Amino acid sequence: MKIVIAEKPSVGRELAKVFGATTRKDGYIEGKGYSFTWAFGHLLQLAPPQDYGFIGWRKQHLPMLPAKFKLAIRKIKTKDGFVEDPGVRKQLDIIKKLFDEATEIIVATDAGREGELIFRYIYYFLKCKKPFKRLWISSQTDEAIKDGFRNLKPGTDYDTLFNSAHCRSESDWLVGMNATQALSISAGNKSVLSLGRVQTPTLAMVCARYLENKNFVPQTYFQIGIQLDKDGQLFKAISVANYKTQEEAQAIFDKVEDVASGVALGGNITAVEAKPRKEPPPLLHDLSSLQQEANKKHGFTADQTLNLLQNLYESKLVSYPRTGSRYIGDDIFATVPALINNLVVHPEFGRSATFLQTATLSKRSVNAKKVTDHHAILPTGIQPQHLSKDHQAIYDLVVGRMLEAFHQECVKEVTKITIESGTTFQANGTVIRSAGWRSVFNEVEDDKKDEDNPALPKVKKGELLPIVNKALLEKQTKPKPLYNEASLLKALETSGKEIEDEELRYAMKDSGLGTPATRAAIIETLLTREYISREKRNLVPTLKGLAVYEIVKDKKIAQAELTGQWEKRLEEIRAGASVTEFKAEIAEYTKNITQELLVAGASLSAQLAETPATV
DNA sequence: GCAAGGTC
């Protein structure tokens, strides 16, 4: 019997289907000489400190540097504390039984670093010695699966990939566990002050933005606004220049001729420019863009959106949710017309779907090379029944975005009119000539400036128009806004893009901080630790968060660059470099940060005692 | 009690 092990049940079932294996057993599917089983993501994790004899949080244990790491079955939190997840234990038993009977093991976990680690941890935990082959595919279509099985790779081809994954895992443990205990202990052991490669730079971003926002000194400046009349149609224009003082602005203001002052034709049109602007349809959603959209449109948190989406996935209504790709391959594209046909009777989207039935579909989101482990989020075509309001909202975002992504470009006409009257004024107007993809939701854009006119009248250069109104406008410069769930997700995704060191920037180009699957959890962790809190839709630091930030802000652990440095080294390891040197460096860094924090945390002790939890 | 990673 050949055993195929997938990362998750949905993939195991899909592989079984392609082979025509149909006998459903508890935890696997059998048929055609194969058994198809699966994990549920990581079943095993690095054992916690107490498993190495580091009982309690004590200064003399630090730094904790286990000579050999142990694996432990994934735990869940219950009212009696942390216990082994019974579902995980059961599935491991099933996998063990299958491995014992196996003539051959085929590894079909996701094609990437963590997929490799998920399998290897199971394999080593079960002390399995049988050889294994690797299925390496980047698309889940029947053809890609069959092709992959015809081209199975020797399992040892991926030893270096496992090495890099293993280093990532142990390094995160060493730095995270030690730094957390060091800071918590030195701050008096009153609460958990967690630190980590991802959560601490994230906290730093929230704190830095908060302080920048709070300490921002607004600058007052002045502009002049006028209203002109073209044959009864009024429109607004604003001075191109900003004035630092009211006197300066007033002097110009007095020169602006207007009807009230008896000058009927005060505005001289010096230029008219009308240009079409084309906006291509947006890309399909990946998890992060969907979380951002759901936060903006419905106020859902990243965590809520992920949960709702996971439910839809489990009900087989949408494709795999934790994807980082906004593209699909040609094979999936071939199924899109049928998905669109499903929607012609839809009350909200029927009109767009009907239009797309006969239109040429945009291929902007079609690019097999940009599909990584999973493609962009799409509906499956199964008709939903009785969705809750929240599930429906998320489902509609998925379906609506699909229609947008394959729709036509939006064509706008952007008009700029320049007017002279004492100074130079400009009027901006945007008219949608052809809504294209924007017709799907038919919403007003949120980034509209209030000085913009919806439509401008037809005017010609050299025309004189009466200014019927003028106003001296007092304005203030604005700080960068506080982070909210959407902007923080975006910042995590793109962090690394601003790193100065080119090599580190390159190393982080595909990753950012965290992964699509973990970013919601990172935000939740910071909330659980009471480092940050939600205020309306914003994420702001607490006093505790700010106090921790003050201690770590100049240290490597608070910087996205740390991930860049690791990624660079991990990629070298994947390409065959030795792991000994990297491990030694991590051990050295662990010792240093632990020492630093054992000293630095003392200042926190008094501070945390006398301050309330929130700002 | 603690990381980051994956998933039901």
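Here are three short exercises on this predicted model, each with a worked solution.

Residues count from 1 along each chain as written, and chains are lettered from A with ligands numbered from 1 in written order. Local features need pLDDT of at least 70, side-chain atom pairs count only at pLDDT 80 or more, totals for chains, interfaces and linings use all residues, and side-chain values use heavy atoms, without hydrogens and water.

**Exercise 1: the sheet**

Work out which strands stand at the edges of the seven-stranded open sheet.

Step 1. Strands (E, at least two residues) and helices (H or I, at least four) are DSSP runs, numbered from the N terminus. Two strands pair if DSSP finds at least two bridges between them.

Step 2. Write down the order: β2-β3-β4-β1-β9-β10-β11, with mixed pairing.

Step 3. Now look at the ends. β2 (23-25) and β11 (153-154) each have a single partner strand, so one side of each is left without a neighbour in the sheet.

Step 4. Zoom in on one end. β2 pairs with β3 (residues 28-31) in the antiparallel sense, over three bridges. T23, for instance, has E30 in β3 as its bridge partner.

**Exercise 2: helix α1 and the cavity**

Find which residues of α1 are buried, and then which residues line the largest cavity.

Step 1. Buried means under 20% relative accessible area, exposed over 50%, and partly exposed in between (1.4 Å probe, protein chains only). In α1 (residues 9-19), P9, V11, G12, L15, A16 and V18 are buried.

Step 2. What covers them? The cover includes β1, β3, β4, β9 and α4 (142-150).

Step 3. Just past the helix comes G20, with a positive phi near 80°.

Step 4. Next, the cavity: on a 1 Å grid over the protein atoms alone, that's a set of points where a 1.4 Å probe fits but cannot get out, and lining residues have an atom within 4 Å of a point. V11 and L15 turn up again in the lining of the largest cavity, along with others including A108, D110, Q140 and H374.

**Exercise 3: the core**

Pick out the residues that touch the most other members of the largest nonpolar core.

Step 1. Such a core is a set of buried Ala, Val, Leu, Ile, Met, Phe, Trp, Tyr and Cys residues joined through side-chain atoms within 4.5 Å.

Step 2. Of its 133 residues, the answer is F99, I122, I328 and F406. Helix α5 (residues 159-186) gives the most to this core: ten residues.

Step 3. Another core lies apart from it, with 20 residues, among them Y243, A249, I417 and L456.

Definitions and conventions:
On a 1 Å grid over the protein atoms alone, a cavity is a set of points where a 1.4 Å probe fits but cannot get out, and a pocket is an open set with protein on both sides within 12 Å along at least five of seven lines; lining residues have an atom within 4 Å of a point. Contact means heavy atoms within 4.5 Å.
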